[in-house]
Amino acid sequence: MGISILQTVKVGAYVMKQRIKGAAKFPLVLMLEPLFRCNLECAGCGKIQYPEEILKKRLSVEDCMQAIEECGAPVVSIAGGEPLMHPEMPEIAKGYVDRKKFVYLCTNAILLEKRLHEFTPSPYLTFSIHLDGLEKRHDTLVCREGVFKTAVSAIKAAKAKGFRVTTNTTVFEGEKPEELHDLFDFLANELKTDGMMVSPGYAYQKAPDQEHFLRRENAKKFFRDVLKPSADKVDLNRQKRWQFNQSSFFIDFLAGEKDYQCTPWGNPTRNVFGWQKPCYLMSDGYAKSFKELMDSTDWEQYGTGKDPRCADCMVHCGYEPTAVLDATANAKNMWKSLKDTLRASAN
């Protein structure tokens with residue numbers, strides 16, 4: 001069904017309230033990293049490369065609740081590291097749900113089935129399972145055999161118990177559109193997930209593999225073939241079953257149909273070091289509070305054409321906020337966004 005109608009309406013109302021107040025910069029999604037430790041060592045990720053003394057650190061429940069109270073974003077994405085390695089993760093998720101925040105708990109699912117009984121199904125809670133391809137491709141990218149089967153088993157268990165489950169796929173150089181289409185079919189038809197997210201990988205400085213991150217122009221062409229294949233390549237009825245848990249405006253951006261600049265303050269990051277400047281993907285220092293982050297960061301120096309590190313970035317944490325702001329910019333865009341959500345829900 002993609003993004004739920006409830007989330008579409010509540011986030012839209014939040015954006016309109018901020019605009020009525022005259023807020024120039026406001027957050028949409030709190031990117032929470034309560035720990036960096038992980039039970040995988042993926043070649044495209046730099047988090048696990050921190051020294052052991054950093055990997056031992058984790059945010060407390062109180063730290064996590066303070067973060068959402070400070071920024072007030074309507075959505076929380078809990079990443080890491082592996083969030084389910086945090087012993088207090090059920091309490092953290094419940095704290096956000098009790099505050100009526102939409103929680104996306106991003107996990108590789110290795111521990112999910114074991115800990116599922118510690119969580120309660122809610123329209124505000126979604127397990128976002130990391131799947132970068134079908135079995136052979138996914139296990140290769142996460143550098144361990146058997147992870148795909150474990151994730152599939154966990155998805156089935158979570159769905160059976162009434163949880164909302166989506167997937168998150170990071171795309172790297174060398175992928176084939178046809179293989180991603182097969183993945184979409186599997187997720188939509190066999191696993192019946194509640195939506196899929198896709199995003200190009202970002203070249204983390206600490207990532208062991210620096211050779212397979214997509215460059216911007218290649219990414220646009222690739223995502224056109226992936227997300228908007230021509231009718232002679234993919235049956236249209238087949239495409240309709242692919243429901244993306246992302247704004248249709250962001251999908252248009254990935255396919256090169258919209259030209260957006262990054263909105264780095266839209267998805268602020270809070271991790272074990274503090275509030276990360278300027279975004280989830282780059283680290284130019286840390287602030288002690290959300291207010292300090294907003295007031296002390298020179299936002300104008302970041303973005304495509306400004307900072308060379310941003311040249312190839314098209315990642316959802318920077319551009320999805322821009323897409324959401326565009327989708328609520330006027331009545332025409334809001335109506336299109338709502339129609340897209342209703343159409344996805346009907347399918």
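I began with Leu84 and looked up its neighbours beyond four places in sequence, finding that it touches Met89, Leu105, Thr107, Leu111, Leu112, Arg115 and Phe119. I keep in mind throughout that this is a predicted model.

I then asked where Leu84 sits along the chain, and found it in the loop between β2 (75–78) and α4 (89–98). Is Leu84 buried or exposed? Its relative accessibility is 1%, and because buried means under 20%, Leu84 counts as buried. For a separation across the model I took Gly12, which is 72 residues from Leu84 in sequence, and I noted 30 Å between the two C-alpha atoms.

Next I turned to the sheet, which is open, has nine strands with mixed pairing, and follows the order β6-β5-β4-β3-β2-β1-β7-β8-β9. I marked β6 (196–200) and β9 (283–287) as the edge strands, since each of them pairs on one side only. From one strand to the next, I recorded an average twist of 25°.

Within this sheet I looked at how β7 (residues 269–271) meets β8 (residues 274–278), and I found that the two run antiparallel and are joined by three bridges. Here I noted Asn271 standing opposite Gly274 in β8.

Last, I checked which helices go with β5 and β6. Helix α8 (residues 177–190) packs on the sheet and touches both β5 (164–171) and β6, with its direction at about 175° to that of β5. Helix α9 (residues 216–227) lies across β5 and β6, and I noted that it runs at about 160° to β6.

Methods. Residues are numbered from 1 along each chain as its sequence is written. This is a predicted model: local features need pLDDT of at least 70, side-chain atom pairs count only at pLDDT 80 or more; totals for chains, interfaces and linings use all residues. Side-chain values use heavy atoms; hydrogens and water are left out. Two strands pair if DSSP finds at least two bridges between them. Helices (H or I, at least four residues) and strands (E, at least two) are DSSP runs, numbered from the N terminus. Axes are lines fitted to C-alpha atoms, for helices over the stretch in contact, and angles run from 0 to 180 degrees between N-to-C directions. Contact means heavy atoms within 4.5 Å. Buried means under 20% relative accessible area, exposed over 50%, partly exposed in between (1.4 Å probe, protein chains only).
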